[in-house]
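Biologist: I have a model open on my screen and would like to learn how to read it. Could you walk me through it?

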Amino acid sequence: MQDLVYDQKRMKRAERLVALGTLSASWVHELKQPLTVIQLALDNILAEVRGQDCEEAVRTCATDAMYSLETLKQSLGRIRSFGRQPEHESPQRVPWIEVVDDVIELLRPATLEARMDMSHEGLLQLPPAYAIRRDLVQLFYTLLENCLQAASGPNHQVKITGTYSRGEVKICVDDDCGGIAPEHEKKVFKPFFTTRSTEANTGLGLTVVQRIVERLGGSVTLTNRFGQGVCVCLTMSVDDQGR
């Protein structure tokens, strides 16, 4: 097994960085439409006053406003790029079983204390992922830590199962930790939503998972059994690069 190079502090720090990236992307999305309207209005104003006899101050103000708008759009572009994947990291072939084993080992002290059993099945038979290893570690750390946090007492079980069919890998994380209250079920993928203390949680758990899986060209589904547990399934296509 590969030596662990991650710790829980790094995982938490990574989650908070994702929170900043998600928030910045949300700001950019919200500002894009009104800024486009302003730009079109300024274009129209400059077109109307060009070649006409009007006060120079009007032309100057409109030109200055257009320049400032362009500067603002460039700044927003830099903010948007904040949450993107660093360019110096390259994807590689990563065996799913190695990542899951590493994360289970990382969480072992917490699972022993909680008397929680984490096991997996079928991962050895899966084609490797073509991804950045750090992303996959963050993905499974987030999912398995969510199970730990949801457990109301000892003697719970979490099972990770993997299947491969027709070019698709499907990995499900199934727990018996009580499930999600029905009124919260539709909110769990929303950024910053949490039912726990906001001092200890960013509310980015499943948002982080969804973002990483979508970056791999996949999707996330959640099956909630309130009072029993939750099953989160990741479905991803395996192209020629990942084989």
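Modeller: Happily; we will go through the sheet, a hairpin, the helices and an aromatic pair. Keep in mind that this is a predicted model.

Biologist: Let's start with the sheet. In what order do its strands lie?

Modeller: The order is β2-β4-β5-β7-β6, an open sheet of five strands with mixed pairing. At the edges are β2 (117-121) and β6, each of which pairs on one side only. On average, neighbouring strands are turned by 15° against each other, direction ignored.

Biologist: How many bridges join β4 and β5?

Modeller: Eight bridges, in the antiparallel sense, link β4 (residues 157-165) with β5 (residues 168-175). To find your place there, look for I160, which stands opposite V173 in β5.

Biologist: And how do I read the side chains along a strand?

Modeller: In a regular strand, side chains alternate between the two faces of the sheet. Strand β6 (residues 219-225) shows this here: V220, L222 and N224 point to one face and are buried. On the other face are S219, T221, T223 and R225, which are not buried.

Biologist: Which strand does β6 pair with?

Modeller: Its partner is β7 (residues 229-237), which runs antiparallel to β6 and is joined to it by seven bridges. T221 stands opposite C233 in β7. The two strands form a hairpin with three residues between them, and G227 in the turn has a positive phi of about 90°.

Biologist: Now the helices. Is α5 largely enclosed or open, and why?

Modeller: Largely enclosed by the rest of the structure, because 14 of its 18 residues are buried. Its length can be checked too: at 1.5 Å a residue, helix α5 (residues 133-150) should span 26 Å, and its end C-alpha atoms are 26 Å apart, which agrees.

Biologist: Which strands does α5 touch?

Modeller: Helix α5 packs on the sheet, touching β2, β4, β5 and β7, and its direction makes about 25° with that of β5.

Biologist: That leaves the aromatic rings. How do I describe a pair?

Modeller: A pair of aromatic rings is described by the distance of the centres and the angle of the planes. The count in this model comes to one aromatic pair. The ring centres of W96 and F140 are 6.2 Å apart and the planes are at 85°, so the pair is edge-to-face. W96 lies in helix α3 (residues 96-106) and F140 in α5, so the pair ties together parts that are 44 residues apart in sequence.

Biologist: Are those two residues buried or exposed?

Modeller: W96 counts as buried at 4% relative accessibility, and F140 is buried with a relative accessible area of 0%.

Note on methods:
Residues are numbered from 1 along each chain as its sequence is written. This is a predicted model: local features need pLDDT of at least 70, side-chain atom pairs count only at pLDDT 80 or more; totals for chains, interfaces and linings use all residues. Side-chain values use heavy atoms; hydrogens and water are left out. Helices (H or I, at least four residues) and strands (E, at least two) are DSSP runs, numbered from the N terminus. The expected span of a helix is 1.5 Å times one less than its number of residues. Buried means under 20% relative accessible area, exposed over 50%, partly exposed in between (1.4 Å probe, protein chains only). Two strands pair if DSSP finds at least two bridges between them. Rings of Phe, Tyr and Trp (its six-membered ring) pair if their centres lie within 6.5 Å; planes under 30 degrees apart count as stacked, over 60 as edge-to-face and the rest as tilted. Axes are lines fitted to C-alpha atoms, for helices over the stretch in contact, and angles run from 0 to 180 degrees between N-to-C directions. Contact means heavy atoms within 4.5 Å.
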